[in-house]
Structures are given as C-alpha cells and as structure tokens.
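Colleague: Could you take a close look at one part for me, the side of one chain that faces its partner? I'd like some background on the chain as well.

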Amino acid sequence: MSEPHDTQPGAPLPQPPLTFGAVVRRDLRVGVVAGLQTFWDLAKVMIPAYGATLVLERLGVIAWLADLARPLMEALGLPGDAAVPLVVGYVLNIYAAVGSMQALDLDPRQVTVLAIAILIGHNLVVEGAVLHKAGMNGFAFGALRIVAGLAAAATANLIMGLV
Amino acid sequence: MADLLKTFAAGSFDLLLRVFLIVVPIMVVLELFEGTKAFRAVVRAWARLVRHVGLDERSAAPTLIGFLFGLAYGGGVIVRDVRRHDLGRRQVFIMSTFLSMVHAIVEDSLIFIALGASLFWVVGYRIVWAAFVTLLLTAVAGLLVRRYRL
C-alpha cells in the first residue's frame, strides 16, 4: 500500500515494469507499422518515378543525352562510348549501367574513373523522388550528383595520371 | 505500348518487393535494438565520425542506414525520424548531401570492384570526396541562408 501523499494529483500513475516479452512484442508491432509506413511512403514516390524513367528511355532520351555527353568523356580519359553507361546509370540504375559497361573495352583505370562517376550519380529520378519526400529539392540534388560525380572522376583521373 | 506496360508492371513489382524485403526488416531491427547498449555504442561511434561533417547524434542512425544499405532506405529512416522528432532542415540537408555522394557502400562498390575497379578509389576516395563536398556545400548553403535569409 502506498502513501496517498507521494503522488501529485493528476500525475501519471506508476506503471508496472514491462516484461521482456511485452517489450519485444511492442517493439515488433511498432517496427512493422513503421516499416509498412515507410514502405508506403517510398512506394508512392518510387513507382511513378520508375514509370517516368521507362518513358524517358522509350522516347530515346538516353541515346540523345549520351550523344551530348560524348565530348565530356575525353576530359575523363574515357572513350566517347562511355557516355552510354553513364547516362543509363543516371536515368536507370547501377545494374543497368554495369550491363552497358560490359559492352565496352575499358582498361582498369578507365573502369575505376567511370565507376566513380556512376557511383556518385545514378538512379537520379527514383532517388531524387526519395530526397523530395525527405523535404529536399530532388532536381537540385540530381544536378549536384552529376556535377560532383564528374568532378570526382576527373580529379581521380588526374591523380592517377600523376602517380 | 503493351510491352512497356508489361515492363512497368514487372519492374514495379520487383522494385516494391526489394524495398519491402529491406525496409520492413530494417525498421523492425531498428525498433528492437534502438534502445540497446550495443546499438547505442555503434551509433555513438558512428556519430563521432560524422560529427566532422556537421551531423548531430540524432542524424547518425539514419545516416548509418543510408551509408550501409542505400539512399532509398536511409531516406526512409530520415522521413520516419523527421516525422517523429523534427531533425531540422540543416541536418536533413547535410544528411542528403553526404548520402548523395556515398551510400550503399558495400553493395554498390562490390558491383564495380567485380568489374575491375580499384577498392581504394571507389571506397576510400569516395568517402573523402563525400566529406569534402558536404563541408563545402554546407558552408555555401550557410552563407546563402545568412545572406538572403532563406
């Protein structure tokens, strides 16, 4: 029996300590709910973005952009055709980019330089949508990843040329 | 047109399945272990590292998830934590910039290492580059915010 004076009126009643099993069950429930909520948040932005990338690809936007990016490849010490996996990576994803890299004949240094550019900038539509959901500007971050990725690749190529 | 829709349907299913199979377990594991000593020790150790790019302790967990598993999954945890306790625009900006430069460090890097890329460049150099870009952009963004009261 507790004293009637040791709690303020209106203060929360002392709770019995939760058992280990109860804590695990509560955490599992909260985790599944948070997981489903996050899954739904991501699905709502990723699926339309994925549809848009398929349309872009179908309209020939990838081929057109790759032609534009061709001259840039020289600055990275890469053959012009390397623009194709780069742009495929930007619009689609890393797996698609790797697939189209297989078609090229690159030396290890060129593979590394192209890998740096693609690892920094890829899947820009879908991942941009996720950043948008987090409250950022997906377009600005897409542009940043292209520019910073190319700059990182160019810098790496220069350093590798020196050593 | 029909084959485009078929690709879209199959691709969407694939994407949703992958996201589901990764996001739900991550959230459950996070929820189960978030309170444990071991988890807090890992997050604190990680927080000591990412403190140097301007991230505080509350941003450490979402950044770690994104760094290990990918931008979409880290982004999911960021969205969750923004909803639970407002992280602040500055922290979300820093996290987004850092994770834009480097994420899914194991899976993405391994794909290119398998193709013959150098481990040092695709992992070590990329992390240093990410820290550099994050510090640079945070400074620039800070200047712009002060100058134009954004």
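To start with, what percentage of the 163 residues of chain A count as buried?

Modeller: Keep in mind that this is a predicted model. Of the 163 residues in chain A, 40% count as buried. The chain has seven helices and zero strands, so to speak a plain α-α-α-α-α-α-α when you read along the sequence. As for overall dimensions, the radius of gyration of chain A is 25 Å, while a compact globule of 163 residues would come out near 15 Å. Put a box around the C-alpha atoms along the principal axes and you get roughly 85 × 45 × 30 Å. Look at contacts in chain A with a separation of 6 or more, and 66% of them come from residues 24 or more positions apart.

Now for the part you asked about. On the chain A side, 43 residues are in contact with chain B, where 42 residues meet them. Several helices of chain A each put at least two residues into that side: α1 (20–58), α4 (94–101), α5 (108–120), α6 (124–133) and α7 (138–162). Among these, α1(A) gives the most, with 20 residues on the side that touches chain B. Chemically, the side of chain A that touches chain B splits into 31 nonpolar residues, six polar ones and six charged ones. So if you're zooming in, α1(A) is a good place to begin, given its 20 residues there.

Methods. Residues are numbered from 1 along each chain as its sequence is written. Chains are lettered from A and ligands numbered from 1 in the order in which they are written. This is a predicted model: local features need pLDDT of at least 70, side-chain atom pairs count only at pLDDT 80 or more; totals for chains, interfaces and linings use all residues. Helices (H or I, at least four residues) and strands (E, at least two) are DSSP runs, numbered from the N terminus. The radius of gyration is taken over C-alpha atoms; the globule rule is 2.2 Å times the number of residues to the power 0.38. A residue is buried if 20 or more other C-beta atoms lie within 10 Å of its own, exposed if 12 or fewer, and partly exposed in between; C-beta atoms are placed from the backbone. Two residues are in contact if their C-beta atoms, placed from the backbone, lie within 7 Å. Ala, Val, Leu, Ile, Met, Phe, Trp, Tyr, Cys and Pro count as nonpolar, Asp, Glu, Lys and Arg as charged, and the others, Gly among them, as polar.
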